[in-house]
Amino acid sequence: MKNNIIYIIFISFFMSSCETIVDFELEPHEPQMVPQCLSNNLKGHVLIHVAKSKGIQESGSLDFIHDANILLKENGQIICENPSSLDVGNYICSGIELVEGAEYEMEVSHPNFNTIKAKQILPLMPDIESATYEKVGAYDPLRDNDYDRMKIVFNEPAVTEDYYLVQGFIKNKTGPDEKAYSLWTWTENPLLEETVNSVGLIFTDEAMNGDKVELDLKVDNTFIEPSEHDIYIKLSRITRDRFYYMRSMRSYEESTYVPLAEPVTIHSNFTNGYGIFALESANMYFIQ
Amino acid sequence: MKQLFTFVFIGLAFVLQAQEKYTISGYIEDANTGEKLIEANVFDDATVSGTVSNLYGFYSITLPKDTVRLSFSYMGYATQSFEIYLDKDISLTIRLEDELTLQTIEVTADKVEKIEEQTQMSKIEVPVAQIKRIPPLLGEVDVMKAMQLLPGIQSGGEGTSGLYVRGGSPDQNLILLDGVPVYNVSHLFGFFSVFNADAINNVTLTKGGFPARYGGRLSSVMEINMKEGNMREYHGEGSIGIVASKFTFEGPIVKEKTSFIVSARRTYADLLARPFIKRNTDGEYGGYYFYDVNAKVNHKFNDKHRLYLSTYLGQDVFYLRFDDGGYEQRAGFDWGNLTSALRWNYMINKKLFANTTLTFSRYQFDLGSEVREDNEKYGSRYTSGIKDWGGKIDFDFLPNPNHYIRFGVNAMHHTFSPGAFQLEVDDVNTDFDLDTIIGSQPTRAMEYALYVEDDMKWGENFSANIGFHFSAFQVKGKTYVSPQARVGTRYLLPGANAIKASFSMMTQYIHLLTNEGVGLPTDLWVPSTNTVKPQQSWQVALGWAKTLGTDYELTVEGYYKGMNNLLSYKEGASYFSFSDWETKVEQGKGESYGLEFFAQKKKGKTTGWIGYTLSWNNRQFKFINSGNKYPFKYDRRHDVSVVVSHSFNDKISLSGTWVYGTGNSITLNEASYFAYIPLDGDDSNHQITEIEVPGEKNNYRMKAYHRLDIGADFRKEKKRYERTFSIGAYNVYSRKNPFFIYFDNSRNKFKQVSLFPIIPYFNYSFKF
């Protein structure tokens with residue numbers, strides 16, 4: 001009986017200290033335009049995707065913006081104005097050859113939203129000295145995948161702060177207009193980080209500034225048939241914004257599988273808004 | 001010119017020679033218990049000079065041959081004064097009477113060194129008796145929570161024990177129990193601290209202006225000294241509360257020579273609940289408890305040599321058992337600290353005191369499960385932790401009242417075990433045995449430090465503590481070194497005012513990977529490595545101190561702290577992600593600045609303090625928040641605490657605490673949109689996926705935190721013992737303070753979780 005009384009007293013004290021849950025009010029979100037444009041010097045066009053943001057507490061589905069006004073300037077001169085909308089909020093500025101060192105400004109406006117702008121300077125194309133492909137056919141237990149090796153040597157200029165993206169590609173040998181497919185690429189080098197969907201590796205020149213750099217990469221050889229495929233390695237010097245954006249997207253992707261993960265801020269260079277306008281200068285190097 | 005120098009030198013030597021000086025030295029202790037009194041004041045009215053006793057109660061004062069009028073004083077004790085003609089060195093042990101035992105003698109503690117007279121700034125000492133009067137959560141007196149009520153020191157969240165000192169995180173606090181670092185100060189995920197107030201003699205916390213003897217952490221040094229044990233009589237005290245009970249016993253082993261103290265505490269929710277759980281389930285039961293034991297023995301060989309052996313053992317245990325005869329399953333996890341210190345005091349001569357310490361500290365987390373069925377046994381175990389062996393020698397040299405020189409060296413061997421998984425299979429039927437360990441191998445490192453400092457006085461108004469701390473750290477073939485300058489100054493103004501200023505540099509070689517806010521036992525201590533650099537900070541502080549009348553102390557301090565190589569989880573990373581810890585973290589910088597106001601009343605029937613902190617606290621990491629500066633999670637613009645305790649008479653006292661703090665900053669997802677992700681580089685192949693995005697990091701604020709706690713003590717003297725009955729309540733007006741916020745997907749709404757509404761407590765304690 002004595003134990004029962006003590007137990008009841010104990011439980012009653014603890015019951016009174018149960019957690020309580022109340023609403024936490026957040027200011028209503030004002031929908032914003034979310035332009036996303038990742039372009040390079042090889043494409044010959046600039047594709048812009050414009051989505052519309054929705055407050056996290058709002059119901060309803062996500063949407064795109066099909067009637068945004070887009071202005072693209074090169075060194076202050078308009079090179080593309082109000083391109084028409086394609087499917088799912090895509091706009092294309094055709095016949096655009098991006099010039100190394102030029103400054104590009106994108107302005108996106110719409111009567112229902114605040115006008116937003118972002119600027120980029122197209123970096124100089126990286127100087128690839130050599131690249132090789134080696135058929136290895138080994139198994140990497142950490143990735144549970146067979147791999148071959150790709151090596152690339154390039155000259156990293158001193159002084160400037162540079163950011164890079166390296167990717168492996170294959171193309172069918174059947175014709176010059178065949179589409180290039182990216183290869184899953186990885187490495188043990190801790191300075192290189194994988195991108196979202198593992199379509200490339202990004203890195204900074206922090207530990208290699210001004211050096212001749214040799215990168216040793218492993219590529220998924222599942223789809224590579226040297227007799228049928230041309231093999232390329234693409235090295236791009238990317239803008240800081242592109243690097244930060246790719247890194248944040250990768251972190252975001254990883255965080256979705258991890259409990260108690262730190263929140264990820266998706267990098268944006270549009271002032272007071274979301275979205276990204278980022279460029280790269282790519283050097284597509286034919287290996288074999 | 002050369003002749004002038006010779007003349008001055010000879011003249012100086014002559015003057016020094018002419019001033020014959022003698023030294024009075026010894027120990028200052030409690031007359032009733034023999035406990036050493038730390039930082040007791042020694043003052044000579046004739047020469048207007050003085051000193052203080054050190055951590056072991058040792059004092060030394062060298063004065064000119066003449067009549068001296070010495071007074072020995074300590075807060076809460078009657079001052080002893082006498083006049084003697086000093087013509088030889090004197091050894092003198094002073095025994096001060098506790099004011100509680102001196103009902104008829106007027107206590108004159110006005111000779112106690114006033115706050116404006118101390119060179120040291122940014123240091124707070126709260127008497128344990130005062131800590132015990134603060135209304136505690138669930139009736140369990142908590143030293144760490146009492147510290148959180150002081151300006152410049154913040155709590156992380158509701159009920160937690162971690163200290164955020166001037167913008168630093170809890171791992172940046174060096175918490176020393178009898179000189180031994182304690183790595184995890186939390187019981188029950190931080191709701192209680194590991195320190196049993198009944199076993200503690202004294203607590204001091206230094207949050208800036210660090211003297212050179214301190215090092216190894218960026219933000220604070222908290223020194224907790226255990227009681228030594230009564231040298232003259234046996235005494236005991238204990239308490240029974242709603243969460244835990246504790247008992248302390250102390251006394252002489254050999255009177256005036258050797259004493260001991262043992263203090264133990266245990267929670268008993270599991271013991272009370274077990275009969276009911278067992279009765280209602282089929283052989284399945286579980287529970288949680290924590291316990292801790294403090295023990296200390298000290299032996300006085302003679303006036304010159306003294307030995308102390310102290311130890312602390314504490315453990316938290318969660319367990320689950322299932323047994324139906326044939327099938328038996330055991331699972332659970334436990335964590336805890338074990339610390340030991342062996343200290344040898346040696347009074348080398350009347351001016352030089354040495355303390356040699358050997359230390360051991362271990363923190364270990366264990367998670368395990370075992371299944372037995374017929375002839376099969378399967379087991380798994382995950383362990384992580386840190387283990388230290390250390391040694392140090394500290395010297396106190398007091399050549400004259402104008403210089404107090406401290407110097408010393410220390411070395412510590414760390415073993416970091418950042419997580420190993422053991423798998424065991426034993427199957428008699430198939431003869432299949434497996435016993436394997438997967439995971440990180442232990443990392444060993446050595447940390448060294450040497451220091452020298454001089455607390456000096458120039459004239460009556462100016463004093464300074466100037467020192468140099470040098471530390472080194474060796475790990476995996478890499479050596480880091482760090483020279484650190486430390487300066488603290490004080491200028492006494494007319495009218496019992498003082499202006500103080502300090503500058504200190506600190507370096508920290510070990511880091512804690514933790515989930516901010518909750519004191520999880522899985523927190524991992526890791527060393528600096530080739531890629532993870534030591535954390536560093538520098539801090540400047542400027543302050544004003546004044547004693548009003550004899551009862552009130554006022555301080556105002558402004559500070560700026562810069563921090564480099566701070567560690568944070570990368571965006572998207574977590575303790576739970578399966579990768580090497582070094583790949584989950586990145587290093588950046590931080591800054592913290594603010595203004596602290598502290599008004600304290602230490603004497604009289606009503607005691608307490610008002611503390612207010614206005615502060616800013618920012619972080620900047622290259623790859624967090626796009627490299628932009630952002631407010632730290634515990635950036636708290638306003639932090640207020642009011643602590644009042646009033647004794648109506650010897651029998652009844654009331655106490656209350658009110659705290660207010662700006663809400664913690666948090667990152668919330670605020671919007672979602674379709675993200676366009678190109679896959680092959682030519683826009684022909686892409687992926688569109690919905691993503692939820694937060695705004696800038698930590699750009700939302702939880703609601704402000706405030707709370708009122710009250711308590712009352714009813715004391716009664718019985719024939720053979722004294723008993724106290726305490727009642728009170730935590731969060732009297734049941735404020736729903738935010739603990740954390742989550743997004744409820746089913747309702748598209750953010751929800752705030754609050755932990756503690758009003759929680760009453762009662763406690764029965766006794767003393768004999």
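These are my notebook entries on two chains and on where they touch.

**Entry 1, the model.** I noted before anything else that I was reading a predicted model, and I kept that in mind throughout.

**Entry 2, domains of chain A.** I looked up the domain assignment of chain A and found domain 1 at 33-121, with domain 2 made up of 127-263 + 280-286. Taken over C-alpha atoms, the centres of domain 1 of chain A and domain 2 of chain A are 26 Å apart. Where these domains touch, I found six residues from domain 1 of chain A and eight residues from domain 2 of chain A. On the domain 1 side of that contact I listed two nonpolar, three polar and one charged residue.

**Entry 3, chain B.** I then turned to chain B, in which I found five helices and 49 strands, and of its 768 residues 43% count as buried. Among contacts in chain B with a separation of 6 or more, 64% join residues 24 or more positions apart.

**Entry 4, chain A against chain B.** For the contact between the chains I recorded 60 residues from chain A and 61 residues from chain B. Several elements of chain A give two or more residues to this side, including helix H1 (2-15), strand E3 (45-52) and helix H2 (240-255), and the largest share, eight residues, comes from H2(A). By type, the chain A side divides into 31 nonpolar, 19 polar and ten charged residues.

**Entry 5, a strand pair across the chains.** Finally I looked up how E4(A) meets strand E42 (residues 669-678) of chain B, and found that they pair in the antiparallel sense over two bridges. Within E42(B), B:Ala671 is the bridge partner of A:Gly55.

Conventions. Residues numbered from 1 in each chain as written. Chains lettered and ligands numbered in written order. Predicted model: local features only at pLDDT ≥ 70, side-chain atom pairs only at ≥ 80, totals over all residues. Domains from an automatic or database assignment. Contact = placed C-beta atoms within 7 Å. Nonpolar A, V, L, I, M, F, W, Y, C, P; charged D, E, K, R; others polar. Helix = DSSP H or I, 4+ residues; strand = E, 2+ residues; numbered from the N terminus. Buried ≥ 20, exposed ≤ 12 C-beta atoms within 10 Å, placed from the backbone. Pairing = 2+ DSSP bridges.
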